[in-house]
Amino acid sequence: MTQILEELHLKFEQVKKELKFNSDFEELDEIFYFKDMILQLNFVSPKLSRMLCSRIRDTFYSWVGSLQDILLPNNTLSYNESQIFTEKEKEIMTKYIDKLMAHITKNTVIGLTKNKEQEGKYIDDSVVLWNEIKPYLIEYSSKKQEYWETQKNNPDK
């Protein structure tokens with residue numbers, strides 16, 4: 001286990017130097033759980049930068065799915081959750097989905113064009129985007145959690 005994490009750190013520093021991004025490993029791992037991914041896969045890809053960008057994309061895309069479930073509920077759970085948000089809150093969700101999707105699709109283009117400069121920028125921009133949306137995601141998630149706590153404690157249900 002320690003050996004694979006050492007390999008990850010070594011290759012990460014090489015990728016950071018090659019792509020010329022500023023974010024450090026700890027900051028990125030705190031957000032995107034790179035160590036967990038590598039430990040789960042037990043593998044550090046020779047194309048580590050693409051592996052990391054894919055993890056970033058997947059993290060953001062999971063939030064898109066969660067927000068989209070509120071806007072377009074397709075089951076009882078998401079329908080119930082959708083009812084707790086106002087139209088104004090749903091407009092805000094749409095704006096965050098737009099930002100997330102714009103960022104996600106950059107990764108697709110970067111992967112197709114192999115643009116190393118843009119890849120480094122994508123990694124740094126991911127931290128900026130996360131720091132921008134995190135307070136909203138906490139608020140959004142807290143509202144959902146409070147709803148379910150209320151439902152759990154409602155004896156008339």
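In helix α1, which covers residues 2-19, Glu7 and Lys11 lie four residues apart, so about one helical turn separates them. Their side chains form a salt bridge in this predicted model, with the closest N and O atoms 3.2 Å apart. Glu7 counts as partly exposed because its relative accessibility is 32%. Lys11 is likewise placed in the partly exposed class, with a relative accessible area of 23%, which is above the 20% under which a residue counts as buried.

Helix α1 belongs to a protein that has seven helices and zero strands. Read along the sequence, the pattern is therefore α-α-α-α-α-α-α. The C-alpha trace spans about 60 × 35 × 25 Å along its principal axes. The protein has 157 residues, of which 41% count as buried.

The pair in α1 is one example of a kind of contact that recurs in the structure, which holds eleven salt bridges. Another joins the side chains of Arg57 and Asp58, at 2.8 Å from N to O. Arg57 has a relative accessible area of 27% and is partly exposed; Asp58 is also partly exposed, with a value of 40%.

A further salt bridge connects Glu132 with Lys99, and here the closest N and O atoms are 2.2 Å apart. This pair links distant parts of the chain, since Glu132 lies in helix α7 whereas Lys99 lies in helix α6 (residues 87-113), 33 residues away. Glu132 is partly exposed at 37% relative accessibility, and Lys99 is partly exposed with a relative accessible area of 38%. Elsewhere, Arg50, Lys116 and Glu119 are joined into one network by salt bridges that share partners.

Helix α6 also contains Leu100. With a relative accessible area of 0%, Leu100 is buried, because the buried class takes in values under 20%. The C-alpha atom of Leu100 is separated by 6.4 Å from that of Phe60, although the two residues are 40 residues apart along the chain.

Attention now turns to helix α7, which comprises residues 116-152. At the start of this helix, a side-chain oxygen of Asn115 reaches to within 3.1 Å of the backbone nitrogen of Glu117. Further along, α7 bends by about 40° at Ile133, and within four residues of that position there follows a proline, Pro135.

Helix α7 also takes part in the largest pocket, as α7 and α2 (25-32) each supply at least two residues of its lining. Which residues line the largest pocket? They are Glu30, Ile31, Tyr33, Thr59, Trp130 and Lys134. By class, three of these lining residues are nonpolar, one is polar and two are charged. The volume of the largest pocket is about 160 Å³.

Terms used:
Residues numbered from 1 in each chain as written. Predicted model: local features only at pLDDT ≥ 70, side-chain atom pairs only at ≥ 80, totals over all residues. Heavy atoms only, no water. Bend = angle between axes of the 7 residues up to and from the residue. Polar contact = N/O pair within 3.5 Å; in protein donor to acceptor, adjacent residues only side chain to side chain. 1 Å grid on protein atoms, 1.4 Å probe; cavity = no way out; pocket = protein on both sides within 12 Å on 5 of 7 lines; lining within 4 Å. Points joined across faces, edges and corners; volume = space filled by probe spheres on them. Nonpolar A, V, L, I, M, F, W, Y, C, P; charged D, E, K, R; others polar. Salt bridge = Lys/Arg side-chain N within 4 Å of Asp/Glu carboxyl O. Buried < 20%, exposed > 50% of the residue type's maximum accessible area, 1.4 Å probe, protein only.
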